[in-house]
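Biologist: I am new to this structure and would like a close look at a single part of it. Could you take me through one sheet with care, and then on to whatever else helps me find my way?

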Amino acid sequence: MSGRKSSATVLVVDDSALTREVISRNLIAASFTALTASNVEEAISFLGEQQVDLIITDLKMPGPSGLELVRYVKENIPETEVIMITGYPTIEGAVTAVKIGAEEYLTKPFTDEELLNAVRTALKKQKNRKTASGYGGKSRPHFKGLVGESDSMRVLFGRIEKAARADATVLISGESGTGKELVARAIHYASCRATAPFVPVNCSGIPEGLLESSLFGYVKGAFTGAAETRAGFFQSAEGGTIFLDEIGETPLSMQVKLLRFLQEKEINMVGSSRIHKVKLRIVAATNRNLEILVQKGLFREDLFFRLNIVSIIVPPLRERGDDIILLARYFAEKYANESGTQIPEFTDGTISAFLRYHWPGNVRELENIIHRIVVMEEGGKIDTRHLPPVMRTAIPHNNSTMKTLQEMEQEHIRHTLEICEGNKTHAAEILGIDRKTLREKLKKMELSG
Ligand SMILES: Nc1ncnc2c1ncn2[C@@H]1O[C@H](COP(=O)(O)OP(=O)(O)OP(=O)(O)O)[C@@H](O)[C@H]1O
Ligand SMILES: [Mg+2]
């Protein structure tokens, strides 16, 4: 359904016909163009056909939730604004919605005025952003949220498209911070499963004892504390994609169960002998070399082959040439808009320091550096004084052979901690080691320095 013509087009997504009617009537009265959809699937198919400036979506709806829609929009048409509405306000829901990019959060019941204020604020922000950058997000070279136009990224985009069509299991590998999760999402959203859920699971973040019940669910009474039957991640991804991140960290006991799933496409909830068929696609990712883990007996070879049907390798940032600059500008714009400051520019010195640096933490490291500078410096030019010391002195790293391996390592640890503003968990993540190892190394550094 569509209302009369005006300046901005707003898509209202709600399973309640009454809510759709009330909101769109208000919008039309305020001379906006209103479109309506009763679920996320319908909304996504609308978005494929026509330009929408703003989406107002309910959070809880049968099928995919409003959060799935926010994710879809942010990854595929980031220039479109989203306002989330809900009758069940939860702190977590609000936090997640804002974190993944909803502009506003409205709790039912809201007045007509509150609604229109939120709509105007969101559209104004969008307009400011477009004017500030001189162009809308649309012309930025990106593929489903992945910024890049280097040859290595073009090859990657081609592989993503092929993988999306194939519907086979995919294994994504690449160094930490290269964008493996973004690639997994891009595959999901480019596939025929786009309207079903994308469920990310961090295999290294769940204690071994809870992994099976978290993935496959459990029935009431299965173990002490199982007061009710609960679905696992596999059931919640029904029809969609489950993203098994850091698959290399999965304990061997769980690897057997994953292998069984890949062979039979069936799951057993913990404590039940009943078998459920689940239709979904598995996309797994790792920053470790699984072949080496296989050789060491830490990863099952049969599981490796089952996962590695389609293999996608995400290139490290240092191999992406001018994409480094493209990404730096992209993040500068993103964080300047977020904090309402002027978009900073980079001096030639900064640009060559960026191109020279070896980016061990890849895109995440670049994003963190830019974020910090934008927050601290508020606009103007970014020159090499603003860069972390290690980058400023970054003599191309093949020239730093006068240093011992230990000196290089310590320098790199200090630099990473600086980027992460002292956050050890984050630093350990970028360095690809666990927190305990990082603590031990820091202790040694204190002793030696
Ligand atoms: N090509 C890209 N364009 C825009 N943003 C990107 C790109 N690649 C990565 N990012 C951003 O960099 C950050 C790290 O990406 P992501 O979490 O996908 O990396 P990862 O490979 O999964 O890292 P890890 O191995 O540490 O889990 C995210 O904030 C992501 O949005
Ligand atoms: Mg990741």
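Modeller: T241 stands opposite R281 in strand 13, and this pair is a good place to start, with the caution that the model is a predicted one. Strand 10, which covers residues 241-245, and strand 13, which covers residues 281-286, pair in the parallel sense, and four bridges connect them. Both belong to an open sheet of five strands, whose order is 9-10-13-8-14 and whose pairing is parallel. At the edges of this sheet stand strand 9 (198-202) and strand 14 (310-313), and because each of them has a single partner strand, one side of each is left without a neighbour in the sheet. On average, and with direction ignored, neighbouring strands of this sheet are turned by 20 degrees against each other.

A further open sheet of five strands can be read in a like manner, for its order is 2-1-3-4-5 and its pairing is parallel. Here the edges are taken by strand 2 (33-37) and strand 5 (104-107), each with a single partner strand, so that one side of each lacks a neighbour in the sheet. Neighbouring strands are turned against each other by 20 degrees on average in this sheet, direction again ignored. The parallel pairing of strand 4 (residues 81-86) with strand 5 rests on four bridges, and within it T86 has T107 of strand 5 as its bridge partner.

From the sheets one can turn to ligand 1, which has 19 residues around it, V147, S176, K180, R364 and E367 being those that come nearest. Three backbone contacts can be followed one by one: a backbone N or O atom of G177 lies 2.9 Å from an oxygen atom of the ligand, a backbone N or O atom of G179 lies 3.0 Å from an oxygen atom of the ligand, and a polar backbone atom of E181 is 3.1 Å from a ligand oxygen atom. Ligand 1 would expose 630 Å² if taken alone, and the protein buries 87% of that area. The elements that each give two or more residues to the shell are strand 7 (146-147), helix 7 (180-190), helix 13 (323-339) and helix 15 (362-377). Sorted by class, the shell holds eight nonpolar, six polar and five charged residues, and at least three residues are drawn from each of domain 2 (151-313) and domain 3 (320-448).

Methods. Residues are numbered from 1 along each chain as its sequence is written. Chains are lettered from A and ligands numbered from 1 in the order in which they are written. This is a predicted model: local features need pLDDT of at least 70, side-chain atom pairs count only at pLDDT 80 or more; totals for chains, interfaces and linings use all residues. Side-chain values use heavy atoms; hydrogens and water are left out. A residue is near a molecule or strand if one of its heavy atoms lies within 4 Å of it. A polar contact is a pair of N or O atoms within 3.5 Å; within protein, one must be able to donate a hydrogen and the other to accept it, and residues adjacent in sequence count only if both atoms are side-chain atoms. Accessible areas come from the Shrake-Rupley method with a 1.4 Å probe; for residues, only the protein chains shown count as cover. Ala, Val, Leu, Ile, Met, Phe, Trp, Tyr, Cys and Pro count as nonpolar, Asp, Glu, Lys and Arg as charged, and the others, Gly among them, as polar. Domain bounds come from an automatic or database domain assignment. Two strands pair if DSSP finds at least two bridges between them. Axes are lines fitted to C-alpha atoms, for helices over the stretch in contact, and angles run from 0 to 180 degrees between N-to-C directions.
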